[in-house]
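Please look through the structure shown below, beginning with a single side chain and then widening the view to the whole chain.

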Amino acid sequence: MERTFIAVKPDGVQRGLCGEIIKRFEQRGFRLVAAKFMQASEDHMKNHYLDLKDMPFYGGLCKYMSSGPVLAMVWEGQSIVKLVRMMLGETNPADSKPGSIRGDLCINIGRNIIHGSDTLENAKKEVDLWFKAEEFVAYTPCGQPWLYE
Ligand SMILES: Nc1ncnc2c1ncn2[C@@H]1O[C@H](COP(=O)(O)OP(=O)(O)OP(=O)(O)O)[C@@H](O)[C@H]1O
Ligand SMILES: [Mg+2]
């Protein structure tokens, strides 16, 4: 089983899309293992997006991401990192296919409503950056034998 870090960004929260986004991951069969509603500091977002520090949009991105509440979550499932990235669509919503989260729910690259880790290695880093061990809840979901052979 893999884990990935997913966050509904401030625009997704303000637009009332948390429920729709959670629904898609639940319906796919993924398991929610940690969640918190919080406003991240600009420094936290600078750390989160450190790989992009040389990009011209880095400053604005970190300001936007810390401008309001985000719904930070860890989800678990087989091949989840790759599958979630497919469910998100492309970074630019204008290039995202209908049926994907960004292709259905947003328009602009700077307001693309959701973050998902792009590799297993980054997923591990991001989960550790956002969550402490005691914030995870262990449980066995009843549907497990019907999702995995
Ligand atoms: N050319 C750009 N102009 C403005 N904002 C951009 C641009 N490219 C990326 N961004 C913003 O920076 C975020 C991080 O970029 P990244 O390349 O990591 O894309 P991503 O992995 O699809 O998005 P995220 O990491 O937020 O899930 C994007 O989601 C977007 O909000
Ligand atoms: Mg990214």
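Is Phe 136 buried, partly exposed or exposed? In this predicted model, Phe 136 is partly exposed, with a relative accessible area of 22%, which places the residue in the class that begins where buried, defined as under 20%, ends. Its ring partner Phe 131, by contrast, counts as buried at a relative accessibility of 6%.

The aromatic rings can be taken next. The count comes to 4 aromatic pairs, and one of them joins Phe 131 and Phe 136, whose ring centres lie 5.9 Å apart with 55° between the planes, so that the pair is classed as tilted. A pair of aromatic rings is described by the distance of the centres and the angle of the planes. Phe 131 and Phe 136 also belong to one aromatic cluster, in which Phe 5 and Trp 130 take part as well.

From these side chains the view can be widened to the fold. The protein chain contains 8 helices and 4 strands, and read along the sequence these elements follow the pattern β-α-α-β-α-α-β-α-α-β-α-α. The radius of gyration is 15 Å, close to the 15 Å that the globule rule gives for 149 residues, and the chain is therefore as compact as a globular protein of that length. Along its principal axes the C-alpha trace spans about 45 × 35 × 25 Å. Among contacts with a separation of 6 or more, 78% are accounted for by residues 24 or more positions apart, while 44% of the 149 residues count as buried.

The surface and the charges complete this overall description. The protein chain exposes about 8400 Å², of which carbon and sulfur atoms supply 54%. There are 19 positive and 19 negative side chains, and the centres of these two sets lie 2 Å apart.

Two points in the backbone remain to be examined. Most residues other than glycine have a negative phi, and most peptide bonds are trans. Ser 79, in the loop between strand E3 (70–77) and helix H5 (80–88), nevertheless has a positive phi, near 55°, and Ile 113, which is not a glycine either, has a positive phi of about 60°. Ile 113 is found in the loop between helix H6 (101–105) and strand E4 (114–116). As for their surroundings, Ser 79 is partly exposed, with a relative accessible area of 37%, whereas Ile 113 counts as buried at 0% relative accessibility.

Methods:
Residues are numbered from 1 along each chain as its sequence is written. Chains are lettered from A and ligands numbered from 1 in the order in which they are written. This is a predicted model: local features need pLDDT of at least 70, side-chain atom pairs count only at pLDDT 80 or more; totals for chains, interfaces and linings use all residues. Side-chain values use heavy atoms; hydrogens and water are left out. Helices (H or I, at least four residues) and strands (E, at least two) are DSSP runs, numbered from the N terminus. The radius of gyration is taken over C-alpha atoms; the globule rule is 2.2 Å times the number of residues to the power 0.38. Buried means under 20% relative accessible area, exposed over 50%, partly exposed in between (1.4 Å probe, protein chains only). Contact means heavy atoms within 4.5 Å. Accessible areas come from the Shrake-Rupley method with a 1.4 Å probe; for residues, only the protein chains shown count as cover. Lys and Arg count as positive and Asp and Glu as negative; His and the chain ends are not counted. The place of a charge is taken as NZ of Lys, CZ of Arg, CG of Asp or CD of Glu. Rings of Phe, Tyr and Trp (its six-membered ring) pair if their centres lie within 6.5 Å; planes under 30 degrees apart count as stacked, over 60 as edge-to-face and the rest as tilted.
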